[in-house]
Amino acid sequence: MKSYNITTLDDFIIKRQKDYPTAKGEFSRILHHIGTAAKMVSNKINRAGLADILGAAGEINIQGESQQKLDIYADEVFIGSLLSSGECCGVATEENQNIISFTHEFAIDGKYIVCIDPLDGSSNIDVNVSVGTIFSIYHRISPKGKEPVSKAFLQSGTEQVAAGYIIYGSSTMMVYTTGKGVNGFTLDPSLGEFCLSHPELVMPDDGTIYSINEGNYIKFPEGVKRYIKYCQERDVSTNRPYNSRYIGSLVSDFHRNLLKGGIFLYPESETYPEGKLRLVYECNPIAFIAEQAGGKASDGTRRIMEIEPESLHQRIPYYVGPVKMVEKIEEFIRNK
Ligand code: P6P
(Lines give C-alpha, C1' and ligand atoms only; values in the text may rest on other atoms or scores of the structure.)
Protein backbone atom coordinates (compact mmCIF):
# COMPACT_ATOMS: atom_id res chain seq x y z
CA MET A 1 0.00 0.00 0.00
CA LYS A 2 1.40 3.43 -0.95
CA SER A 3 2.28 5.45 2.15
CA TYR A 4 2.12 9.23 2.11
CA ASN A 5 5.00 10.53 4.20
CA ILE A 6 3.94 14.16 4.48
CA THR A 7 6.08 16.43 6.66
CA THR A 8 4.51 19.83 7.07
CA LEU A 9 6.57 22.94 7.78
CA ASP A 10 5.32 22.95 11.38
CA ASP A 11 6.23 19.25 11.83
CA PHE A 12 9.70 19.99 10.45
CA ILE A 13 10.24 23.08 12.61
CA ILE A 14 9.27 21.19 15.76
CA LYS A 15 11.41 18.18 14.78
CA ARG A 16 14.40 20.43 14.10
CA GLN A 17 13.82 22.37 17.31
CA LYS A 18 15.36 19.33 19.04
CA ASP A 19 18.65 20.25 17.25
CA TYR A 20 18.81 23.29 19.53
CA PRO A 21 18.80 22.06 23.15
CA THR A 22 18.25 25.54 24.52
CA ALA A 23 15.40 26.28 22.13
CA LYS A 24 12.14 27.03 23.85
CA GLY A 25 10.06 27.41 20.70
CA GLU A 26 10.49 31.17 20.22
CA PHE A 27 12.35 30.72 16.96
CA SER A 28 9.93 28.06 15.79
CA ARG A 29 7.07 30.47 16.37
CA ILE A 30 8.68 33.11 14.13
CA LEU A 31 9.15 30.62 11.29
CA HIS A 32 5.57 29.46 11.73
CA HIS A 33 4.29 33.04 11.48
CA ILE A 34 6.39 33.69 8.37
CA GLY A 35 4.74 30.60 6.86
CA THR A 36 1.30 31.94 7.72
CA ALA A 37 2.01 35.33 6.13
CA ALA A 38 3.38 33.56 3.06
CA LYS A 39 0.11 31.65 2.65
CA MET A 40 -1.87 34.88 2.86
CA VAL A 41 0.33 36.63 0.27
CA SER A 42 0.30 33.56 -1.98
CA ASN A 43 -3.48 33.54 -1.91
CA LYS A 44 -3.62 37.21 -2.93
CA ILE A 45 -1.02 36.80 -5.69
CA ASN A 46 -2.83 33.80 -7.13
CA ARG A 47 -6.00 35.89 -7.46
CA ALA A 48 -4.23 39.15 -8.42
CA GLY A 49 -5.68 39.08 -11.91
CA LEU A 50 -9.20 38.81 -10.52
CA ALA A 51 -9.24 41.04 -7.49
CA ASP A 52 -8.66 44.76 -7.77
CA ILE A 53 -5.18 44.32 -6.44
CA LEU A 54 -3.15 44.65 -9.61
CA GLY A 55 -1.20 47.69 -10.61
CA ALA A 56 0.43 50.59 -8.86
CA ALA A 57 -0.96 51.90 -5.62
CA GLY A 58 -0.07 55.44 -6.63
CA GLU A 59 2.59 55.67 -3.91
CA ILE A 60 6.35 55.90 -4.34
CA ASN A 61 8.39 53.83 -1.85
CA ILE A 62 11.64 54.88 -0.23
CA GLN A 63 13.51 53.33 -3.14
CA GLY A 64 11.80 55.81 -5.45
CA GLU A 65 9.96 52.87 -7.03
CA SER A 66 6.21 53.01 -7.65
CA GLN A 67 4.61 50.74 -5.08
CA GLN A 68 2.39 48.00 -6.41
CA LYS A 69 -0.74 47.34 -4.33
CA LEU A 70 0.58 43.88 -3.53
CA ASP A 71 3.85 45.39 -2.24
CA ILE A 72 1.87 47.26 0.38
CA TYR A 73 -0.32 44.28 1.17
CA ALA A 74 2.67 41.93 1.57
CA ASP A 75 4.51 44.48 3.72
CA GLU A 76 1.54 44.86 6.06
CA VAL A 77 0.89 41.10 6.26
CA PHE A 78 4.48 40.15 7.11
CA ILE A 79 4.86 42.98 9.64
CA GLY A 80 1.56 42.01 11.29
CA SER A 81 2.42 38.33 11.37
CA LEU A 82 5.89 38.93 12.85
CA LEU A 83 4.37 41.22 15.48
CA SER A 84 1.76 38.64 16.42
CA SER A 85 4.44 35.97 16.84
CA GLY A 86 5.47 37.80 20.01
CA GLU A 87 9.05 36.62 19.44
CA CYS A 88 10.19 39.47 17.19
CA CYS A 89 10.88 42.93 18.64
CA GLY A 90 11.27 44.76 15.35
CA VAL A 91 11.52 44.55 11.57
CA ALA A 92 13.27 46.34 8.73
CA THR A 93 11.54 46.10 5.38
CA GLU A 94 12.30 47.32 1.87
CA GLU A 95 9.11 49.36 1.93
CA ASN A 96 9.96 51.42 5.03
CA GLN A 97 12.70 54.03 5.38
CA ASN A 98 13.33 53.22 9.04
CA ILE A 99 13.13 50.18 11.29
CA ILE A 100 9.77 49.37 12.85
CA SER A 101 10.00 48.64 16.58
CA PHE A 102 7.38 46.49 18.27
CA THR A 103 6.79 48.20 21.59
CA HIS A 104 3.71 46.17 22.40
CA GLU A 105 4.02 44.47 25.77
CA PHE A 106 3.78 41.00 24.21
CA ALA A 107 6.53 41.71 21.65
CA ILE A 108 9.04 44.18 23.15
CA ASP A 109 10.98 41.31 24.78
CA GLY A 110 11.19 39.35 21.52
CA LYS A 111 14.61 37.70 21.13
CA TYR A 112 14.81 38.27 17.39
CA ILE A 113 14.67 40.95 14.70
CA VAL A 114 13.76 40.34 11.05
CA CYS A 115 14.95 42.05 7.86
CA ILE A 116 12.61 41.41 4.95
CA ASP A 117 11.86 42.25 1.36
CA PRO A 118 8.14 41.47 1.47
CA LEU A 119 7.61 41.26 -2.27
CA ASP A 120 10.72 41.28 -4.44
CA GLY A 121 10.30 41.64 -8.19
CA SER A 122 6.80 43.02 -7.76
CA SER A 123 6.91 44.82 -11.12
CA ASN A 124 6.53 41.33 -12.61
CA ILE A 125 3.16 40.73 -10.95
CA ASP A 126 1.06 42.42 -13.62
CA VAL A 127 2.57 40.17 -16.27
CA ASN A 128 2.13 36.99 -14.20
CA VAL A 129 5.83 36.35 -13.68
CA SER A 130 6.93 34.75 -10.39
CA VAL A 131 7.93 37.00 -7.50
CA GLY A 132 9.24 36.37 -4.00
CA THR A 133 9.70 37.29 -0.36
CA ILE A 134 13.22 37.30 1.14
CA PHE A 135 13.98 37.35 4.88
CA SER A 136 16.79 37.22 7.43
CA ILE A 137 16.44 36.57 11.16
CA TYR A 138 19.00 37.89 13.70
CA HIS A 139 19.23 37.97 17.47
CA ARG A 140 18.32 41.34 18.98
CA ILE A 141 21.45 42.90 20.48
CA SER A 142 19.80 45.31 22.94
CA PRO A 143 18.62 44.11 26.36
CA LYS A 144 15.03 42.94 26.73
CA GLY A 145 12.44 45.49 27.71
CA LYS A 146 13.95 48.12 25.47
CA GLU A 147 13.24 48.87 21.81
CA PRO A 148 15.62 47.24 19.32
CA VAL A 149 18.61 49.39 18.37
CA SER A 150 19.20 50.23 14.71
CA LYS A 151 22.56 48.50 14.66
CA ALA A 152 20.77 45.21 15.32
CA PHE A 153 19.60 45.53 11.72
CA LEU A 154 23.13 46.23 10.45
CA GLN A 155 24.77 43.04 11.67
CA SER A 156 26.93 41.27 9.12
CA GLY A 157 25.37 38.31 7.33
CA THR A 158 27.48 35.85 9.32
CA GLU A 159 25.28 36.72 12.33
CA GLN A 160 22.10 35.48 10.66
CA VAL A 161 20.21 32.92 12.76
CA ALA A 162 18.12 31.96 9.76
CA ALA A 163 17.34 33.12 6.24
CA GLY A 164 14.86 32.13 3.61
CA TYR A 165 12.71 33.03 0.68
CA ILE A 166 9.23 32.29 -0.57
CA ILE A 167 8.79 32.00 -4.33
CA TYR A 168 5.27 32.63 -5.62
CA GLY A 169 5.54 30.77 -8.91
CA SER A 170 3.83 27.84 -10.64
CA SER A 171 3.68 26.62 -7.05
CA THR A 172 4.46 28.53 -3.87
CA MET A 173 7.60 27.31 -2.14
CA MET A 174 9.38 28.28 1.03
CA VAL A 175 13.13 27.59 1.15
CA TYR A 176 15.07 28.34 4.32
CA THR A 177 18.15 27.57 6.37
CA THR A 178 18.96 27.84 10.07
CA GLY A 179 22.62 27.09 9.43
CA LYS A 180 22.15 23.32 9.24
CA GLY A 181 21.47 22.85 5.53
CA VAL A 182 18.71 24.09 3.23
CA ASN A 183 15.21 22.65 2.95
CA GLY A 184 12.35 23.45 0.57
CA PHE A 185 8.61 23.23 1.25
CA THR A 186 5.85 23.39 -1.34
CA LEU A 187 2.45 24.81 -0.44
CA ASP A 188 -0.34 22.29 -0.96
CA PRO A 189 -3.35 24.58 -1.47
CA SER A 190 -5.76 21.74 -0.74
CA LEU A 191 -4.22 21.30 2.72
CA GLY A 192 -3.18 24.92 3.25
CA GLU A 193 0.14 23.51 4.42
CA PHE A 194 3.75 23.86 3.29
CA CYS A 195 4.98 20.27 2.84
CA LEU A 196 8.64 19.18 2.72
CA SER A 197 9.34 18.66 -0.98
CA HIS A 198 13.08 19.45 -1.38
CA PRO A 199 14.94 18.06 1.66
CA GLU A 200 18.66 18.92 2.12
CA LEU A 201 19.00 21.03 -1.03
CA VAL A 202 22.57 21.14 -2.40
CA MET A 203 23.64 23.49 -5.19
CA PRO A 204 25.53 21.81 -8.08
CA ASP A 205 29.28 22.56 -7.73
CA ASP A 206 29.33 24.06 -11.22
CA GLY A 207 26.77 25.22 -13.73
CA THR A 208 25.93 26.14 -17.32
CA ILE A 209 23.50 29.01 -16.74
CA TYR A 210 24.35 32.68 -16.35
CA SER A 211 21.71 35.21 -15.27
CA ILE A 212 22.36 38.90 -15.92
CA ASN A 213 20.48 41.82 -17.48
CA GLU A 214 22.54 42.06 -20.66
CA GLY A 215 20.65 45.23 -21.58
CA ASN A 216 23.15 46.98 -19.30
CA TYR A 217 26.16 45.43 -21.08
CA ILE A 218 27.79 48.68 -22.21
CA LYS A 219 27.62 50.00 -18.63
CA PHE A 220 29.30 46.99 -17.02
CA PRO A 221 32.88 46.98 -15.71
CA GLU A 222 35.40 45.55 -18.22
CA GLY A 223 35.92 42.33 -16.23
CA VAL A 224 32.19 41.60 -16.29
CA LYS A 225 31.98 42.27 -20.03
CA ARG A 226 34.83 39.80 -20.58
CA TYR A 227 33.14 37.24 -18.35
CA ILE A 228 29.91 37.50 -20.39
CA LYS A 229 31.92 36.84 -23.57
CA TYR A 230 33.60 33.90 -21.78
CA CYS A 231 30.12 32.45 -21.04
CA GLN A 232 29.22 32.78 -24.72
CA GLU A 233 32.44 31.26 -26.16
CA ARG A 234 32.44 27.66 -27.42
CA ASP A 235 34.52 25.31 -25.25
CA VAL A 236 33.07 21.84 -24.85
CA SER A 237 35.60 20.98 -22.13
CA THR A 238 33.90 23.51 -19.85
CA ASN A 239 30.36 23.01 -21.21
CA ARG A 240 30.34 26.43 -22.85
CA PRO A 241 28.54 28.35 -24.29
CA TYR A 242 26.33 28.57 -21.22
CA ASN A 243 22.60 29.23 -21.39
CA SER A 244 21.42 32.76 -20.62
CA ARG A 245 18.39 32.75 -18.35
CA TYR A 246 17.06 35.96 -16.75
CA ILE A 247 13.61 36.45 -15.20
CA GLY A 248 14.24 39.82 -13.54
CA SER A 249 13.11 38.52 -10.16
CA LEU A 250 16.03 37.68 -7.84
CA VAL A 251 14.21 34.90 -5.98
CA SER A 252 13.13 33.23 -9.23
CA ASP A 253 16.53 33.50 -10.89
CA PHE A 254 18.30 32.29 -7.76
CA HIS A 255 15.87 29.41 -7.15
CA ARG A 256 16.39 28.06 -10.69
CA ASN A 257 20.16 28.40 -10.34
CA LEU A 258 20.10 26.70 -6.92
CA LEU A 259 18.34 23.67 -8.37
CA LYS A 260 20.02 23.50 -11.78
CA GLY A 261 23.41 25.15 -11.29
CA GLY A 262 23.97 28.68 -12.48
CA ILE A 263 25.37 32.07 -11.53
CA PHE A 264 23.36 35.22 -10.93
CA LEU A 265 25.13 38.53 -11.54
CA TYR A 266 24.07 42.07 -10.76
CA PRO A 267 27.19 44.25 -11.23
CA GLU A 268 27.61 47.92 -10.49
CA SER A 269 26.96 50.20 -13.48
CA GLU A 270 26.46 53.89 -14.28
CA THR A 271 22.77 53.44 -13.39
CA TYR A 272 23.58 51.68 -10.12
CA PRO A 273 27.15 52.69 -9.11
CA GLU A 274 26.86 50.56 -5.92
CA GLY A 275 24.92 47.77 -7.64
CA LYS A 276 21.11 47.52 -7.48
CA LEU A 277 20.44 44.77 -4.97
CA ARG A 278 20.21 45.54 -1.25
CA LEU A 279 22.76 43.98 1.06
CA VAL A 280 20.63 43.64 4.19
CA TYR A 281 17.37 42.07 3.02
CA GLU A 282 18.19 40.63 -0.40
CA CYS A 283 21.89 39.72 -0.74
CA ASN A 284 22.63 38.46 2.79
CA PRO A 285 19.67 36.06 3.12
CA ILE A 286 20.24 34.62 -0.37
CA ALA A 287 23.98 34.38 0.41
CA PHE A 288 23.28 32.39 3.61
CA ILE A 289 21.16 29.93 1.65
CA ALA A 290 23.73 29.73 -1.15
CA GLU A 291 26.58 28.97 1.27
CA GLN A 292 24.52 26.45 3.22
CA ALA A 293 23.77 24.71 -0.09
CA GLY A 294 27.51 24.61 -0.92
CA GLY A 295 27.66 27.74 -3.07
CA LYS A 296 29.22 31.19 -2.74
CA ALA A 297 28.12 34.83 -2.75
CA SER A 298 30.43 37.77 -3.39
CA ASP A 299 30.45 41.45 -4.31
CA GLY A 300 33.17 40.60 -6.82
CA THR A 301 35.97 40.71 -4.27
CA ARG A 302 34.53 40.17 -0.76
CA ARG A 303 32.37 37.43 0.79
CA ILE A 304 28.93 39.05 1.01
CA MET A 305 28.21 37.76 4.51
CA GLU A 306 31.37 39.37 5.95
CA ILE A 307 30.54 42.87 4.72
CA GLU A 308 29.51 45.17 7.58
CA PRO A 309 26.34 46.98 6.42
CA GLU A 310 26.62 50.78 6.71
CA SER A 311 22.96 51.57 6.09
CA LEU A 312 19.66 49.71 5.97
CA HIS A 313 19.03 50.12 2.23
CA GLN A 314 22.64 49.87 1.15
CA ARG A 315 23.10 48.44 -2.35
CA ILE A 316 25.97 46.17 -3.36
CA PRO A 317 27.24 44.43 -6.51
CA TYR A 318 26.17 40.78 -6.33
CA TYR A 319 27.45 37.48 -7.72
CA VAL A 320 25.93 34.28 -6.33
CA GLY A 321 26.04 30.65 -7.44
CA PRO A 322 28.30 27.59 -7.52
CA VAL A 323 31.75 28.19 -6.02
CA LYS A 324 33.54 27.52 -9.34
CA MET A 325 31.37 30.02 -11.22
CA VAL A 326 31.65 32.76 -8.59
CA GLU A 327 35.43 32.26 -8.38
CA LYS A 328 35.61 32.58 -12.18
CA ILE A 329 33.82 35.96 -12.26
CA GLU A 330 36.01 37.13 -9.35
CA GLU A 331 39.05 36.17 -11.45
CA PHE A 332 37.77 38.20 -14.41
CA ILE A 333 37.05 41.20 -12.15
CA ARG A 334 40.54 40.91 -10.58
CA ASN A 335 42.22 40.75 -13.99
CA LYS A 336 39.98 43.35 -15.64
P1 P6P B 1 16.67 44.77 -13.56
C2 P6P B 1 13.46 43.33 -8.79
O3 P6P B 1 13.09 44.70 -8.96
C4 P6P B 1 14.93 43.30 -8.39
O5 P6P B 1 15.12 44.01 -7.21
C6 P6P B 1 15.41 41.86 -8.26
O7 P6P B 1 14.41 41.00 -7.84
C8 P6P B 1 15.89 41.54 -9.66
O9 P6P B 1 16.92 40.56 -9.67
C10 P6P B 1 16.40 42.88 -10.17
O11 P6P B 1 15.71 43.89 -9.43
C12 P6P B 1 16.13 43.07 -11.64
O13 P6P B 1 16.66 44.31 -12.01
O14 P6P B 1 17.45 46.07 -13.55
O15 P6P B 1 17.40 43.69 -14.32
O16 P6P B 1 15.23 44.91 -13.95
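Two strands pair if DSSP finds at least two bridges between them, and helices (H or I, at least four residues) and strands (E, at least two) are DSSP runs, numbered from the N terminus. With that in hand, Val175 in β8 stands opposite Gly184 in β9. This is a predicted model, where local features need pLDDT of at least 70, side-chain atom pairs count only at pLDDT 80 or more, and totals for chains, interfaces and linings use all residues. Residues are numbered from 1 along each chain as its sequence is written, and side-chain values use heavy atoms, with hydrogens and water left out.

**Strand β8 and its neighbours**

- Six of the six residues of β8 (residues 172-177) are buried, so the rest of the structure largely encloses this strand; buried means under 20% relative accessible area, exposed over 50%, and partly exposed in between (1.4 Å probe, protein chains only).
- Thr172, Met174 and Tyr176 point one way from β8, while Met173, Val175 and Thr177 point the other way.
- In a regular strand, side chains alternate between the two faces of the sheet.
- On one side, β7 (residues 162-168) runs antiparallel to β8, joined by six bridges, and Ile166 has Met174 as its bridge partner.
- That pair of strands, β7 and β8, makes a hairpin with three residues in between.
- β8 also pairs with β9 (residues 182-188), again in the antiparallel sense, over five bridges.
- The β8 and β9 hairpin has four residues between its strands, and Gly179 in the turn has a positive phi of about 95 degrees.

**Aromatic pairs**

- The structure holds 11 aromatic pairs; rings of Phe, Tyr and Trp (its six-membered ring) pair if their centres lie within 6.5 Å, and planes under 30 degrees apart count as stacked, over 60 as edge-to-face and the rest as tilted.
- One of them is Phe12 with Phe185, an edge-to-face pair at 5.0 Å centre to centre with 70 degrees between the planes.
- Phe12 lies in helix α1 and Phe185 in strand β9, so this pair ties together parts 173 residues apart in sequence.
- Both rings belong to buried residues: Phe12 has a relative accessible area of 6%, and Phe185 has 0%.
- Phe27 and Tyr112 make a tilted pair, 5.6 Å centre to centre and 55 degrees between the planes.
- Phe27 sits in helix α2 and Tyr112 in strand β5 (residues 112-120), 85 residues apart, and both are buried.
- Tyr227, Tyr230, Tyr242 and Phe332 form one aromatic cluster.
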